[in-house]
Amino acid sequence: MTARKDITYGECVAPEHERAATLGGEVARMRAFHCPVDGPNALAIQVLTTHDGFGWVALCYSESGESGRIADAEQQCSTWLQEFSFAN
């Protein structure tokens, strides 16, 4: 999905931080970046994975990100997605 540029946000900067993650028990990548067009603290976190042959993207977004810090946004996103599961 990233190589084909299926998931890009022209208003946002390129991913500033990327790390290993999980989504619904699947191996995933977490990508974090600022979106200055939406305000000085606007942040987006993408969590990308595959499940049953399909690509999945979970997006956590905050226009007002309390601190504008990527580490804080990644932690909050991880908390929100902690109980996510794929319906089979």
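What does the secondary structure of the protein come to? One helix and four strands make it up, where helices (H or I, at least four residues) and strands (E, at least two) are DSSP runs numbered from the N terminus. Along the sequence they follow the pattern β-β-β-β-α. Please keep in mind that this is a predicted model, in which local features need pLDDT of at least 70 and side-chain atom pairs count only at pLDDT 80 or more, while totals for chains, interfaces and linings use all residues. Residues are numbered from 1 along each chain as its sequence is written, and side-chain values use heavy atoms, with hydrogens and water left out.

Let us start with the sheet. It is open, its four strands have the order E1-E2-E3-E4, and the pairing is antiparallel; two strands pair if DSSP finds at least two bridges between them. E1 and strand E4 (54-62) stand at the edges with a single partner strand each, so one side of each is left without a neighbour in the sheet. On average, neighbouring strands are turned by 25° against each other, direction ignored. For such angles, axes are lines fitted to C-alpha atoms, for helices over the stretch in contact, and values run from 0 to 180 degrees between N-to-C directions.

Now walk across the strands. Seven bridges hold strand E1 (residues 17-23) antiparallel to strand E2 (residues 26-34), and here alanine 20 stands opposite arginine 29 in E2. The hairpin of these two strands has two residues between them, and its glycine 24 takes a positive phi near 60°. E2 is also joined by seven bridges to strand E3 (residues 43-51), again antiparallel, with alanine 28 partnered by threonine 49 in E3. Between E3 and E4, which run antiparallel, there are nine bridges; one pair is leucine 48 and valine 57 of E4.

Next comes the helix. H1 (residues 70-81) lies across E1, E2, E3 and E4, at about 45° to E3.

What does the surface show? Val57, Leu59 and Tyr61 make a nonpolar patch of about 240 Å². Patches are made of residues with over 30% relative accessible area and no salt bridge (a side-chain nitrogen of Lys or Arg within 4 Å of a carboxyl oxygen of Asp or Glu); like charges are joined within 9 Å, nonpolar side chains (Val, Leu, Ile, Met, Phe, Trp, Tyr) within 5 Å. Leucine 59 sits in strand E4 and, at 41% relative accessibility, counts as partly exposed. Buried means under 20% relative accessible area, exposed over 50%, and partly exposed in between (1.4 Å probe, protein chains only). Of the 88 residues, 35% count as buried.

Notes: Contact means heavy atoms within 4.5 Å. Accessible areas come from the Shrake-Rupley method with a 1.4 Å probe; for residues, only the protein chains shown count as cover.
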